[in-house]
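Visitor: I would like to learn how to read a ligand site and the pocket around it. Where should I begin?

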Amino acid sequence: MKLAMIGFGQAGGKIVDRFLDYDDRTNSGIVRAAIAVNSAKADLIGLDNIPQENRVLIGQARVKGHGVGADNELGAEIAEEDIDEVQNAIDAIPTHEVDAFLIVAGMGGGTGSGGAPVLAKHLKRIYTIPVYGLGVLPGTDEGGIYTLNAARSFQTFVREVDNLMVFDNDSWRQTGESVEGGYDQINEEIVRRFGILFGAGEVGDGQEVAESVVDSSEIINTLSGGGVSTVGFASEEVELNTGGGLLSRFTGDGGGGSDDDLDAANTTNRITSLVRKAALGRLTLPCEIEGTERALLVLSGPSEYLNRKGIERGRKWLEEETGSMEVRGGDFPRGEPEVAAAILLSGVTNVPRIKRLQQVAIEAQDNIDDIQAESEENLEELVEDDEDELEPLF
Ligand code: GDP
């Protein structure tokens, strides 16, 4: 699937930057174009891979390249005011070669949190291809304002995109690491998971064609219907067949000797256990998978380790676990020494993490209002003399 990626704000820009690097390393061809939008000049300068001409600085008149702090209302305002500048950058990319837009943003900050939903709304009005969001939730230790920003951005972003895929920093935080080092690892995790999912439909020169192909229309169908999505992933190292692919995927699928049969059974078992691990392990957004509306299972790895039977069993198992009648599946042959299962769970609704986020956000909002009222009172008390004997100048 070919995407036009737009990274909004610092987190969004860094993740899209990392997607370009992933594309380069794996030759996956999913990033047809990459744009970064920010109100902070320094963040744009810090990117490595996004072409200079695709870095758009917005809000110069208002914030002079210094960012919006964590004010996402201001982020939304300047996105609206400068939407033409973003559109100019998009005009320069070949949108006719693109299957969908993907807007990436951290929802806890200001620029991306406020701007990403504004851009989504704008793109949906102009283009017929889907507009997806990849929204990052802040860690719970980041504080009330980030939580409040994220809760409000989440509500708005879901409404404006064709589907919002969510990644929760909180469930991926590792203790004892610097924030920056932690983000590096987290961002790698993000691009790996979404890279395999979106890469499934793209077959480059010299790559093998999948037995049961996942094409971009299947990804689009899984995401259609809107709502919120999460991604599960599990992988296992395997040995690459260095003999040049002589071991066929069909080996052992029937008619072979007992060794071959054992291979096929192993392959099938490995796949089904990876599918379980992926669905029941750590999801990008933790949630109950029962009740998921649609799902897509992508099995990637060397073709001799993939078989139709394993994928079929994994798919059936997912149908039972989710209760969904719309579970798609396919393989994605890749010359990497690992077999991986990536599962897109689309239309999830039982998400306690979001409910908690909203609760904390409401508390933060009430606190902020209280503190503001109190500090106005305190200031008045300080400035006014007790008996009101003094007159201000004007
Ligand atoms: P903005 O530039 O105003 O849009 O704000 P940021 O993107 O800097 O921050 C928004 C939120 O994104 C933060 O609260 C963090 O939770 C998260 N964040 C910042 N940088 C990264 C990153 O590199 N990776 C990930 N996964 N999250 C990040």
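Guide: Begin with location: this is a predicted model, and its ligand sits in the largest pocket.

Visitor: How much space lies in the largest pocket, and which residues are closest to its centre?

Guide: The space in that pocket comes to about 560 Å³. Its lining is made up of 34 residues, with Gln10, Ala11, Gly106, Gly109 and Tyr146 the closest to the centre. Two or more lining residues come from each of α1, α6, β5 (131–137) and α9.

Visitor: Which element gives the most to the lining?

Guide: That is α9, with 6 residues. Sorted by class, the lining holds 15 nonpolar, 15 polar and 4 charged residues.

Visitor: Next, the ligand itself. How many residues surround the ligand?

Guide: The shell has 18 residues, and the closest are Gln10, Ala11, Gly112, Glu142 and Asn187. At least two shell residues are supplied by each of α1 (9–26), α6 (111–126) and α9 (179–199). The class count for this shell is 7 nonpolar, 9 polar and 2 charged.

Visitor: How do I read the polar contacts?

Guide: Look for pairs of N or O atoms within 3.5 Å, and note whether the protein atom belongs to backbone or side chain. For alanine 11, a backbone N or O atom is 2.7 Å from a ligand oxygen. Glutamate 142 instead places a polar side-chain atom 2.4 Å from an oxygen atom of the ligand. In asparagine 187, a side-chain N or O atom lies 2.7 Å from a nitrogen atom of the ligand.

Visitor: How much of the ligand's area does the protein bury?

Guide: Compare the ligand alone with the ligand in place. Alone, the ligand exposes 570 Å², and the protein buries 92% of that area.

Conventions
Residues are numbered from 1 along each chain as its sequence is written. This is a predicted model: local features need pLDDT of at least 70, side-chain atom pairs count only at pLDDT 80 or more; totals for chains, interfaces and linings use all residues. Side-chain values use heavy atoms; hydrogens and water are left out. A residue is near a molecule or strand if one of its heavy atoms lies within 4 Å of it. A polar contact is a pair of N or O atoms within 3.5 Å; within protein, one must be able to donate a hydrogen and the other to accept it, and residues adjacent in sequence count only if both atoms are side-chain atoms. Accessible areas come from the Shrake-Rupley method with a 1.4 Å probe; for residues, only the protein chains shown count as cover. On a 1 Å grid over the protein atoms alone, a cavity is a set of points where a 1.4 Å probe fits but cannot get out, and a pocket is an open set with protein on both sides within 12 Å along at least five of seven lines; lining residues have an atom within 4 Å of a point. A molecule sits in a cavity or pocket if more than half of its atoms lie within 2 Å of its grid points. Helices (H or I, at least four residues) and strands (E, at least two) are DSSP runs, numbered from the N terminus. Ala, Val, Leu, Ile, Met, Phe, Trp, Tyr, Cys and Pro count as nonpolar, Asp, Glu, Lys and Arg as charged, and the others, Gly among them, as polar. Grid points are joined across faces, edges and corners, and a volume is the space filled by probe spheres set on the points.
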